[in-house]
Amino acid sequence: PDDLQPGPEPTVHTQEAYAPEDDFTAKWTRADARQLQRISDAEAPSRENSMPAALTMPTVPQDFPDMSNGEVWVWDTWPLTDEDGNQYSVNGQEVIFSLVADRSLGFDERHHYAKIGYFFRPAGIPADERPENGGWTYGGLVFDEGVTGQIFEDQSYSHQTQWSGSARIFKGGEIKLFFTDVAFYRNPDGSNIKPYDPRIALSVGKVHANKNGVKLTGFDTVTDLLQADGTYYQTGEQNQFFNFRDPFTFEDPAHPGETYMVFEGNSAMPRESATCDAEDLGYREGDPYAETVEQVNASGAPYQIGNIGLAKAKNDELTEWEFLPPILSANCVTDQTERPQFVFKDGKSYLFTISHRSTFAAGLDGPEGVYGFVGDGIRSDFQPLNGGSGLALGNPTNLNFAGGQPFAPDFNQHPGHFQAYSHYVMPGGLVQSFIDTIGTHDDFVRGGTLAPTVKMDIHGDTTSVDYSYGDGGLGGWADIPAGLDVNSGGKL
Ligand code: FRU
Ligand code: FRU
Ligand code: FRU
Ligand code: FRU
C-alpha cells in the first residue's frame, strides 16, 4: 500500500520447503520487523490505535467476567488436540488446561508459582447460549504436590513451577501432557543463585468424563524430554535469562507417521558475545534505509535472539526426542518467540508465535500479539505474514507512545495495549487469549481470565480480523470449542 511510512523494504523470502532434518533456519529479519513501524500511523493521537484495524484485536471491555468464579488467576490455556490440531471433547465434556495461580498472589508474581489446572464444560452449546463467563467448571490442579519437582537432580530449588505446553488426546481418553517443568534457584532478593532450569517434559494420564463432570487420573510421574543443548538452543550457562519452553506437538502432513514438536528457544550464543550478521538484518542491496551490521551490534540488539526450535520423536510413546536445528530465528529482532504452533491450511504451513512489545530489540517496535509466518513446509524460508511485518493479530497499540508496563500503563497508550496475550490459534481461525491489563494509566484493571475469542481469516500470506464474528468481532468469553468427541466418532 502507498500509505506506508518511509522505511526499508522487507527481505525476500521464497517460502521454499527444506527437509525437517536440514540445516536451514529461516530468518525473521530486522528489515521484516521494521515493516511494523511502516504500517503504523505516525499521526495517531494519544490513546488511539496506530496499527491497521485488520490486524488489531477488537477492544476488550473492562468489565470482563471471570471464568474461575474467583478461584484462581488464569493465563496460558490449551485444549485437547490430536496430531492435526483438531480440538476434542471427551464423552460430551470439553476439557482445557490453563496455567493457574493463587489469587492471593499479585498477578505479576504468577510466573514463579504457576501450576497447570484444568476446566471442563458440556460440549456442543453455542457461545451465546452459555453463561457469560464461558460456563467452565474449575476442576483443580493436574499434579499432586511434589510430582513435577522430581526430575531435578538439584533439589535445592527456591521455586518449582509448571509452565506452558500442549495436550494430546488418544483413544480411550489417554492424555499426553507436554509442558515446561521449571526449577528456580533464587536468593530472597530475587537474584539467581544459579540460572533457572526449564525442561521440556511429558506426563501421561487419563481423563474420565461423563455428564456429571470430569476427573483426571495418572499424571504421577514426569519424563524429562529435552534440555537446552547450547548448540542450537541457548543454555543458562550462556545466558541466565535464556528462554526454553512451551512444547507443541503435531504431525507434518508431508511426513505422515512422524511426530514433531516446536518450542520456544534462543539462538545458542553467549549473552555477552552474541552478534548478528547481514542475514539477520536482511536488507536488500542498496536499500537507503539499511543499517550496518556494526551499528546493530553496537546498539544492544544482540541481547534479543529468540528462535523457534524443532524436535522429532524417536519412539511411538513420544518419550524420546532429538533436537533438529531451529526453524526460525529472530536474531536482533525479538528475545521471545513464545508458544509456537503450526496450522496447516491450503497446502501451506503456518507458524504462529506470540511476542511482547517489550522484547523487541533496540530500534524495533511492535504490539503485544501473535505473529505468523508461512511456508511450503515445516522447515521453509518462511514469509512473515502481512507485508513482511509478521503481525497476525495484535492488541490495539499506539507505537507513537511508550507502552508502560501491565501494572503501570503509559499515560498516552490505548487502553487495549496490554488487553490480551498468549494468543492460541484454533481450527477455523478462532483465537483465544488471556486478559492481562485493560485500561489507561489512571483507570485500569488486571485480568487473570480468558478474553473473548476472536476470528482471524487466514489467506495466502495475509490474515485479517473478522469483525462480523460475535459482537463486532468479539466472540464468547473463554470460548474454546471442541469440534470432535473422542469416544463417539471423530478420528480418535
Ligand atoms: C524430505 C522432504 C523433502 C521436502 C521436505 C518438505 O523429508 O519430504 O522431499 O523438500 O521434506 O517437507
Ligand atoms: C506466555 C508465557 C509462556 C510461559 C508462561 C509462564 O504467557 O511467558 O511462554 O510458559 O507464560 O508463565
Ligand atoms: C534484559 C534483557 C531482556 C531479555 C534478556 C535477553 O536485560 O535484555 O529484555 O529478555 O535480557 O537476554
Ligand atoms: C498419533 C501419532 C502418530 C505417530 C505416533 C507416534 O497417533 O502421532 O501420528 O505415528 O503417534 O509417533
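How many aromatic pairs does a search of the whole structure find? In this predicted model, the search returns 35 aromatic pairs. A pair of aromatic rings is described by the distance of the centres and the angle of the planes. For tryptophan 28 and phenylalanine 360, the ring centres lie 6.3 Å apart and the planes stand at 80 degrees, so this pair is edge-to-face. The two residues belong to distant parts of the chain, 332 residues apart. Tryptophan 28 is found in the loop between strand 1 (26-27) and helix 1 (30-33), whereas phenylalanine 360 is found in the loop between strand 17 (348-355) and strand 18 (369-375).

The surroundings of ligand 2 were examined next. The space that ligand 2 takes is the largest pocket. Strand 2 (72-81), strand 7 (159-170), strand 12 (245-250) and strand 23 (420-425) are the elements that each contribute two or more residues to the shell around ligand 2. The residues around the ligand are Trp75, Asp76, Leu99, His111, Trp163, Ser164, Arg245, Asp246, Glu264, Glu338, Tyr421 and Ser422. By class, this shell comprises 4 nonpolar, 3 polar and 5 charged residues.

Oxygen atoms of ligand 2 lie at short range from both side-chain and backbone atoms, as the following polar contacts show. A polar side-chain atom of arginine 245 is placed 2.7 Å from an oxygen atom of ligand 2, and a polar side-chain atom of aspartate 76 is placed 2.8 Å from an oxygen atom of the ligand. In the case of serine 164, a backbone N or O atom lies 3.1 Å from an oxygen atom of ligand 2. Ligand 2 exposes 320 Å² when taken alone, and the protein buries 95% of that area.

The shell around ligand 3 consists of Asn239, Phe241, Arg271, Tyr303, Gln304 and Asp335. These residues divide into 2 nonpolar, 2 polar and 2 charged. Side chains of arginine 271, glutamine 304 and aspartate 335 each approach an oxygen atom of ligand 3. For arginine 271, the separation between a polar side-chain atom and a ligand oxygen atom is 2.4 Å. An N or O atom in the side chain of aspartate 335 is 2.8 Å from an oxygen atom of ligand 3, and for the side chain of glutamine 304 the corresponding distance is 3.1 Å. On its own, ligand 3 has 320 Å² of accessible area, of which the protein covers 67%.

Technical notes:
Residues are numbered from 1 along each chain as its sequence is written. Chains are lettered from A and ligands numbered from 1 in the order in which they are written. This is a predicted model: local features need pLDDT of at least 70, side-chain atom pairs count only at pLDDT 80 or more; totals for chains, interfaces and linings use all residues. Side-chain values use heavy atoms; hydrogens and water are left out. A residue is near a molecule or strand if one of its heavy atoms lies within 4 Å of it. A polar contact is a pair of N or O atoms within 3.5 Å; within protein, one must be able to donate a hydrogen and the other to accept it, and residues adjacent in sequence count only if both atoms are side-chain atoms. Accessible areas come from the Shrake-Rupley method with a 1.4 Å probe; for residues, only the protein chains shown count as cover. On a 1 Å grid over the protein atoms alone, a cavity is a set of points where a 1.4 Å probe fits but cannot get out, and a pocket is an open set with protein on both sides within 12 Å along at least five of seven lines; lining residues have an atom within 4 Å of a point. A molecule sits in a cavity or pocket if more than half of its atoms lie within 2 Å of its grid points. Helices (H or I, at least four residues) and strands (E, at least two) are DSSP runs, numbered from the N terminus. Ala, Val, Leu, Ile, Met, Phe, Trp, Tyr, Cys and Pro count as nonpolar, Asp, Glu, Lys and Arg as charged, and the others, Gly among them, as polar. Rings of Phe, Tyr and Trp (its six-membered ring) pair if their centres lie within 6.5 Å; planes under 30 degrees apart count as stacked, over 60 as edge-to-face and the rest as tilted.
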